[in-house]
Amino acid sequence: MPADSHRIYRVEHEGTTTYAVERGGTWRLATGSPFEATGLKETDPFDPSRARVVAPVVPSKIVAIGLNYKDHAAEQNKPLPKEPMIFLKPSTAVVGPGEPIRVSPEMGRVDHEAEAGVVIGRRAYRVPASRAYEYVLGLTCVNDVTARELQKKDIQYTRAKGFDSFAPMGPCIAAGLDARDVAVEGWVNGERRQSSSTRELIFDVPTLIAFVSSVMTLLPGDVISTGTPAGIGPIKPGDNVTIKVSGVGELSNPVEAL
């Protein structure tokens with residue numbers, strides 16, 4: 001990670017949910033919020049093994065981007081979009097590291113989708129692409145879990161991508177990363193299924209922020225999930241899914257029967 005970068009975690013520590021900041025392997029508890037003007041104030045070092053890492057944000061909404069990698073559009077036999085294709089995932093779909101993705105037979109085939117998520121740091125509306133990074137707090141890992149058969153049946157994406165537990169996120173918010181070239185990987189049971197980089201995005205991060213904020217106001221803590229590369233595939237109870245984004249870390253979740 002660049003010298004000025006750091007990772008922001010939400011943790012359960014001694015019965016309280018709070019923030020922690022990790023720099024160079026040293027963890028410190030923090031007071032305040034990264035989404036407020038006063039920001040975070042780092043305090044005492046602590047042992048992270050004494051805390052439980054939870055989802056790094058509780059967004060008002062997750063704005064996900066469809067077909068934003070050329071290879072994924074090809075594997076779905078769909079033409080490249082002429083402008084970003086956006087859809088929403090509800091905040092109730094969010095789970096943190098280690099929490100289960102819950103699936104049931106009536107969902108049909110359920111797929112993993114490894115993505116880099118952009119965490120918005122302050123209120124954004126009609127932001128020009130040239131200023132987009134002023135509104136970014138950092139990056140996180142997102143798994144855009146999708147009930148593939150329901151997606152095809154419904155045409156629109158709300159049900160297929162909106163089930164509880166269908167938006168694993170974490171383990172942290174990595175601040176100070178260059179979003180133009182971070183590796184994105186999806187692993188299932190130790191086997192790598194997806195591997196690409198944000199340099200392969202059809203619409204880059206500034207373009208996405210400008211486009212989405214021209215439609216809706218982005219609030220602090222909202223997440224833009226930037227799309228998934230080729231290699232999506234089914235998951236089932238008993239599997240373990242890991243999303244890796246370079247500079248952020250690894251997000252692992254077991255799959256369980258609902």
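## A tour from strand 10 to aspartate 144

Begin by selecting histidine 112, which stands opposite glycine 233 in strand 18. The model on display is a predicted one.

Extend the selection to strand 10, residues 110–112, and to strand 18; these two run antiparallel and are joined by three bridges. Adding strand 13 completes an open sheet of three strands, ordered 13-10-18 and paired in antiparallel fashion. Its edges are formed by strand 13 and strand 18 (233–235), each of which pairs on one side only.

From strand 13, step back to aspartate 144, located in the loop that links strand 12 (136–143) to strand 13 (146–147). Is this residue buried or exposed? Aspartate 144 is buried, because its relative accessible area is 1%, below the 20% cut-off. Display its surroundings next: leaving aside residues up to four places away in sequence, aspartate 144 touches Phe87, Lys89, Asp111, Glu113, Glu115, Lys161 and Phe166. With lysine 161, there is a polar contact between the two side chains at 2.8 Å. Then select isoleucine 65, whose C-alpha lies 9.9 Å from that of aspartate 144, although 79 residues separate the two in sequence.

Finally, turn to the open sheet of five strands, with the order 9-20-19-15-16 and mixed pairing. Strand 9 (101–103) and strand 16 (191–197) are the edge strands, each pairing on one side only. On average, neighbouring strands in this sheet are turned by 20 degrees against each other, direction ignored. At the strand 9 edge, select strand 20 (residues 249–257) as well: strands 9 and 20 run parallel and are joined by three bridges. The tour ends at isoleucine 101, which stands opposite valine 255 in strand 20.

Methods. Residues numbered from 1 in each chain as written. Predicted model: local features only at pLDDT ≥ 70, side-chain atom pairs only at ≥ 80, totals over all residues. Heavy atoms only, no water. Helix = DSSP H or I, 4+ residues; strand = E, 2+ residues; numbered from the N terminus. Buried < 20%, exposed > 50% of the residue type's maximum accessible area, 1.4 Å probe, protein only. Contact = heavy atoms within 4.5 Å. Polar contact = N/O pair within 3.5 Å; in protein donor to acceptor, adjacent residues only side chain to side chain. Pairing = 2+ DSSP bridges. Axes fitted to C-alpha atoms, helices over the stretch in contact; angles between N-to-C directions.
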